[in-house]
Amino acid sequence: MTGPLPWRLKLMHGFGAVAFGVKDGGFSFFLLPFYNLVLGVDAGIVGAALATALVVDALADPLIGHLSDRTYTRWGRRLPWLYLAPIPLALMWALLWSPPFTGVPTYWEIVMLAVGVRLLLSACEVPSISMVPEITADYVERTTLFRYRFLSGWVGGLTMSVLAFTVFLPTPESQLQPDGYAVFGMVGAVVMLVSVIGSAAGQHPYVARLPDTAPPPFSLRLAFADIFDAFRERAFVIFAFGALAAYISQGVTLSITLYVIRYVWQFSELAFKLYPLALGLSVVAMFLLVGPLHRRFGKPLSGAGGALAALAIAGTPYVLYLVGFWPETGGALSTILFMAFMVTANTAGVVSIISATSMVAEIVEAFEERTGKRAEGTFYAGNWLIQKSATGGGILLTSLIVETIGLEPGTAQAAVAPDVVANLALAYLLVTAVLALTAAFWLARFPITRADHEARIAARISGERALATGAPPHK
């Protein structure tokens with residue numbers, strides 16, 4: 001499509017990301033505390049199980065993207081996936097929070113559940129996000145679609161977090177019991193199902209059409225050859241280094257949240273309930289800021305600047321706490337100040353993440369220029385793999401921090417020694433500093449500017465017109 005996109009298309013495209021938000025919020029905020037503090041699984045085992053699931057993803061996700069690129073139906077390449085995959089995804093999500101096993105879940109049982117959720121979510125998210133470069137080639141309109149995706153994803157994740165802290169897990173004591181987590185899983189499963197199928201139905205009138213060309217017969221050898229070729233694209237490699245660090249930094253921040261707000265900042269029951277709502281303000285701020293930032297500075301500088309700003313703002317409360325200049329934790333002043341810092345830092349962090357994700361759309365045309373092939377699904381499967389690796393990496397790093405400082409499962413808020421609390425704050429600060437600096441370094445070096453992209457699109461259009469009219473293409 002050319003020109004401004006219809007608001008209904010933007011809204012319905014973004015609505016599909018609610019499922020991702022539910023998953024990401026669940027994995028990031030609650031998964032490790034649930035299996036560690038509630039079910040009694042060693043934190044290191046949980047982290048190792050999720051890391052193992054990522055190894056399976058490393059093989060399967062790019063293949064899902066490649067198969068999505070090659071799907072050939074009268075509804076197009078992506079919609080059939082979005083109508084079928086969310087049904088088993090909903091079932092697997094419910095089982096993740098109500099494990100069908102006796103006793104403490106084992107390493108392999110956690111791996112099985114995590115692999116099921118991750119692969120089925122890939123089968124929804126990769127085809128959905130791959131529609132972006134198909135719908136529009138406009139540099140800013142692509143950002144607009146991602147704004148709606150991220151807004152919807154964060155709304156989905158934060159809504160489930162609000163429900164968790166107010167309905168399913170309203171007290172610190174209930175957060176150490178399994179019943180509320182089971183209800184959290186069942187409600188999330190329904191939300192995921194409605195999100196993905198509803199988004200597909202809403203976009204159907206705009207995108208459902210037979211692809212221009214039929215793909216050649218499928219070959220596993222050629223499939224992986226195409227995947228490896230795509231992943232050798234220089235711009236994608238640079239993006240991958242920067243995005244991985246940015247996503248892991250966010251993954252650590254989210255997965256360690258229940259630990260730090262409980263043990264470092266001594267949140268009250270009311271503060272637990274208000275915290276997700278406060279973070280919601282950062283999503284609204286991101287939605288308003290990211291478009292102007294991309295128009296003014298471009299995606300690479302916006303991504304790098306967001307990572308550095310998030311580090312500086314988020315790290316300030318921890319530095320002040322460690323040097324003794326922070327108000328007494330647990331009080332109203334401490335809680336309000338911490339929330340204000342986190343809202344601002346999260347705004348910058350999400351700007352960095354959305355800038356990185358939006359860069360992938362421009363890699364599609366660069367790859368097409370070099371090879372003559374379009375591979376939206378393959379590249380976004382790679383991006384999706386990076387995001388999931390980051391979530392798993394964030395949880396793994398958090399589990400290592402928890403193991404290292406000696407925080408025992410089920411420990412009450414007031415029973416943790418002061419040196420353990422200080423070590424938790426220091427470890428979080430050091431890990432996120434390294435990751436944010438790495439992300440900024442690589443994202444700033446992304447080689448495709450807006451001018452590069454627009455020149456590439458103009459050349460492609462000129463070539464298509466030349467083929468249609470027999471005239472030489474404009475150079």
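I began with Gln 266, which I found in the loop between helix H12 (257–264) and helix H13 (269–323). I note here that the model I am reading is a predicted one. Gln 266 caught my attention for its backbone, since its phi is positive, about 55°, although the residue is not a glycine. I reminded myself that most residues other than glycine have a negative phi. I also looked up the accessibility of Gln 266, and at 25% relative accessibility I entered it as partly exposed, because buried would require a value under 20%.

**Helices H2 and H8**

Next I turned to a pair of helices, keeping in mind that two packed helices are described by the angle between their axes and the distance between the axes. For helix H2 (residues 18–38) and helix H8 (residues 139–168), I recorded axes that come within 7 Å and cross at roughly 50°. That angle makes H2 oblique to H8, and I noted the crossing as right-handed. I then listed who meets whom: Val 18, Gly 21, Val 22, Phe 29 and Phe 30 stand on the H2 side, and they meet Ser 152, Gly 153, Gly 156, Gly 157, Met 160, Ser 161, Ala 164 and Phe 165 of H8. Sorted by class, this contact holds seven nonpolar and six polar residues, with no charged ones.

**Val 162**

Staying with helix H8, I looked up Val 162, which is found there. Its relative accessibility is 18%, and because the cut-off for buried is under 20%, I entered Val 162 as buried. Not counting residues up to four places away in sequence, Val 162 touches Val 167, Pro 276 and Leu 277. I also checked Val 162 against Leu 288, which is 126 residues apart from it along the chain, and found their C-alpha atoms separated by 23 Å.

**Helix H11**

For helix H11 (residues 234–255) I compared the expected and the modelled span: at 1.5 Å a residue, its 22 residues should cover 32 Å, and the end C-alpha atoms are 31 Å apart, which agrees. I then asked how many of the 22 residues of H11 are buried. The count is 17, so H11 is largely enclosed by the rest of the structure.

**Thr 378**

My last entry concerns Thr 378, which lies in helix H15 (residues 376–405). With a relative accessible area of 3%, Thr 378 is buried. Leaving aside neighbours within four places in sequence, I found Thr 378 in contact with Gly 65, His 66, Asp 69, Ile 227, Ala 230 and Phe 231.

Note on methods
Residues are numbered from 1 along each chain as its sequence is written. This is a predicted model: local features need pLDDT of at least 70, side-chain atom pairs count only at pLDDT 80 or more; totals for chains, interfaces and linings use all residues. Side-chain values use heavy atoms; hydrogens and water are left out. Axes are lines fitted to C-alpha atoms, for helices over the stretch in contact, and angles run from 0 to 180 degrees between N-to-C directions. Helices (H or I, at least four residues) and strands (E, at least two) are DSSP runs, numbered from the N terminus. Angles under 35 degrees count as roughly parallel, over 145 as roughly antiparallel, 65 to 115 as roughly perpendicular and the rest as oblique. A crossing is left-handed if the near helix is turned anticlockwise from the far one by less than a right angle, and right-handed if clockwise. Contact means heavy atoms within 4.5 Å. Ala, Val, Leu, Ile, Met, Phe, Trp, Tyr, Cys and Pro count as nonpolar, Asp, Glu, Lys and Arg as charged, and the others, Gly among them, as polar. The expected span of a helix is 1.5 Å times one less than its number of residues. Buried means under 20% relative accessible area, exposed over 50%, partly exposed in between (1.4 Å probe, protein chains only).
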